[in-house]
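Ready for some practice in reading a model? Open the structure beside you and try each exercise before you look at its solution.

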Amino acid sequence: MKPIGEIVSKTCEIPEEDLGRALAIQKEQGGRLGEILVEQKIVLETELLKALSIQFDLDYVPSLPHDINPEFTEKVPIQFLKKYRMVPIETDNDAYIAVNDPLLFQALDDLSMILDWDHDGIKTVVAPASAIFAAINFAYDIGRDSAEQVMQDMHDEDPEIIISEIEDIGDLLDDTSDAPVIKLVNLMFSQAIRAGASDIHIEPFQKRLKVRQRVDGVLYDVLTPPSHIHSALVSRIKIMAKLNIAEKRLPQDGRTEIKVADKNVDVRVSTIPTAFGERVVLRLLDKSSVLLSMSDLGMPEDRFKVFDGLIRSAHGIILVTGPTGSGKTTTLYAALSSINNEDINIITIEDPIEYRLDGVGQVQVNPKIDLTFANGLRSIVRQDPDVILVGEIRDEETARIAIQSALTGHLVFSTLHTNDSASSITRLTDMGVESFLVTSSVHAILAQRLVRMLCNSCKEAYTPDIESLQSIGMNDEMTAGHQLYRDKGCPSCLNTGHHGRRGIFELMVFNDDLRSQILKSQDATAIKNLAVEQGMITLRQDGAQKVLDGLTTIEEVYRVTEQ
């Protein structure tokens, strides 16, 4: 068997001095040469794995299938597979064990014995650790009892279920608790996260209990547990969020963190008393998700260039507007990430802080100690910032401080809850801000919505009727040469017909004509008409273009842009 150093040196063409440095570290500190080469960033993990596959005469598999038989989950503890970074793969056509370290012979023998597989006859392959962990997590997720099975168990349970307090639940897939209510809560979370849900709703009614998930902005029924478990279900969630389980008459808010497979999820819990019991909404925020870059927002190239220039201004206010759940915060974080560098000081005040940005000072609003947007903003201005992000302008005081900050040389980003860009001006003046302050400080207003994208696996072509086209301002002439699609539904999109969302945008850039109009009148319709005359693309027009591009449906654009 050739030494790993010789193989890696040949396959990766490592300079002799780099190999010598790694060998010196090995001699001084011990350890395996391959791991040292990866730690020193002399080779990549994939390059080392390919070299190991050559050394042990094994196949290298860069990715593993997900349609595997999960029966092994009943025999093998998940902790064993994660510790030794190996997983048995059994599909309709093949069976093998994927390992990340082929030198773990004893663990491989133990796994073969547990599975009752012939070690000499079973194939072994080398695979990246990330692929192995993904396969493990997927198998143990689908291999658990279904929610329906758990609910059947709960029918047989005493309604007065005793719930034990668990301070640290760790990875939900590792939780081996037999308590049906704990298993059901864990299943609710794992299924919601696998579906990409942003919220879970637990809603009690007179004769039934309903659990719904919000996926891509739309609520779907997922479970109908027996009504008698409502109290236990809510109590379990309250325990996780460290809320008062005895208090059922008042609304409560809390939070907890959970881990499902490779995802760390922040859960914000809100309870409110209703006629038939406490209603609970769980907001899920995947902390391990990657922040979008500016180019990933889906903004058309012409508006992207203008907006990218605006966020690099020396001062002024840039507002992003839209209803709750329209992606405003994501857009602002992408903008901050784009301009974030060591030359500027960026400070934010948010409620809540949704993503952690490296190199950015982030302040959490806390009304209990009177740390409001306005009070926090006053303090931030004394921290010598170049760029300030105010999570939301909610009142006149916050608006005035933000405007004053912009007029004194700061670039300010913030959000408003209005239907379109023009009505943001009316909203500011309704708060009590004079129109001349608005025109002198605000540089641009970006209105946006999120539309669901069609599932590429099942979307079907069709010819829409003229009424549907007219609903979003289109006609037959505009669709000439374009193929339009509608949703259908398939297993890959959970039978919704949609997969993922993308923004539609309306960018109003202030110029002298617009400022003059605003000073004359704050009528949103007049302001919008003038902006359109000067070339502004409205939300509905941008949505119509995405329909023509075959990305979404007429009904979806109409749904999110309906006034």
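Below are four exercises, each with a worked solution.

A word on the ground rules: this is a predicted model, in which local features need pLDDT of at least 70, side-chain atom pairs count only at pLDDT 80 or more, and totals for chains, interfaces and linings use all residues. Residues are numbered from 1 along each chain as its sequence is written, and side-chain values use heavy atoms, with hydrogens and water left out.

**Exercise 1. Work out the strand order of the open sheet of four strands, and find what lies across strand 2, strand 3 and strand 4.**

Step 1. Begin with the elements: helices (H or I, at least four residues) and strands (E, at least two) are DSSP runs, numbered from the N terminus. Two strands pair if DSSP finds at least two bridges between them.

Step 2. Tracing the pairs gives the order 1-4-3-2, with mixed pairing. Strand 1 (59-60) and strand 2 (86-90) are the edge strands, each pairing on one side only.

Step 3. Look at strand 3 (residues 95-99) and strand 4 (residues 123-126): they run parallel and are joined by four bridges. Within this pair, Ala98 stands opposite Val125 of strand 4.

Step 4. The element lying across strand 2, strand 3 and strand 4 is helix 6 (residues 105-115), which runs at about 40° to strand 2. Axes here are lines fitted to C-alpha atoms, for helices over the stretch in contact (heavy atoms within 4.5 Å), with angles from 0 to 180 degrees between N-to-C directions.

**Exercise 2. Describe the surroundings of strand 5: is it buried or exposed, and which strands does it pair with?**

Step 1. Eight of the eight residues of strand 5 (residues 197-204) are buried, so this strand is largely enclosed by the rest of the structure. Buried means under 20% relative accessible area, exposed over 50%, and partly exposed in between (1.4 Å probe, protein chains only).

Step 2. Strand 6 (residues 209-215) runs antiparallel to strand 5, with seven bridges joining the two. Ala197 has Val215 as its bridge partner in strand 6, and the two strands form a hairpin with four residues between them.

Step 3. Strand 10 (residues 277-286) is also antiparallel to strand 5, through four bridges. Here Ile202 has Val280 as its bridge partner.

**Exercise 3. Characterise the packing of helix 19 on helix 20.**

Step 1. Helix 19 (residues 512-520) and helix 20 (residues 524-533) pack at about 165°, with axes 10 Å apart. The two are therefore roughly antiparallel; angles under 35 degrees count as roughly parallel, over 145 as roughly antiparallel, 65 to 115 as roughly perpendicular and the rest as oblique.

Step 2. Asp513, Leu514, Gln517 and Ile518 of helix 19 meet Ala526, Ile527, Leu530 and Ala531 of helix 20. These contact residues divide into six nonpolar, one polar and one charged. In this scheme Ala, Val, Leu, Ile, Met, Phe, Trp, Tyr, Cys and Pro count as nonpolar, Asp, Glu, Lys and Arg as charged, and the others, Gly among them, as polar.

**Exercise 4. Do the same for helix 9 and helix 10.**

Step 1. The axes of helix 9 (residues 180-195) and helix 10 (residues 230-240) come within 10 Å and cross at roughly 70°. These helices are therefore roughly perpendicular to each other.

Step 2. Helix 9 contributes Val181, Ile182, Leu184, Val185, Met188 and Phe189 to the contact, while helix 10 contributes Ala232, Leu233, Arg236, Ile237 and Met240. By class, the contact has ten nonpolar, no polar and one charged residues.
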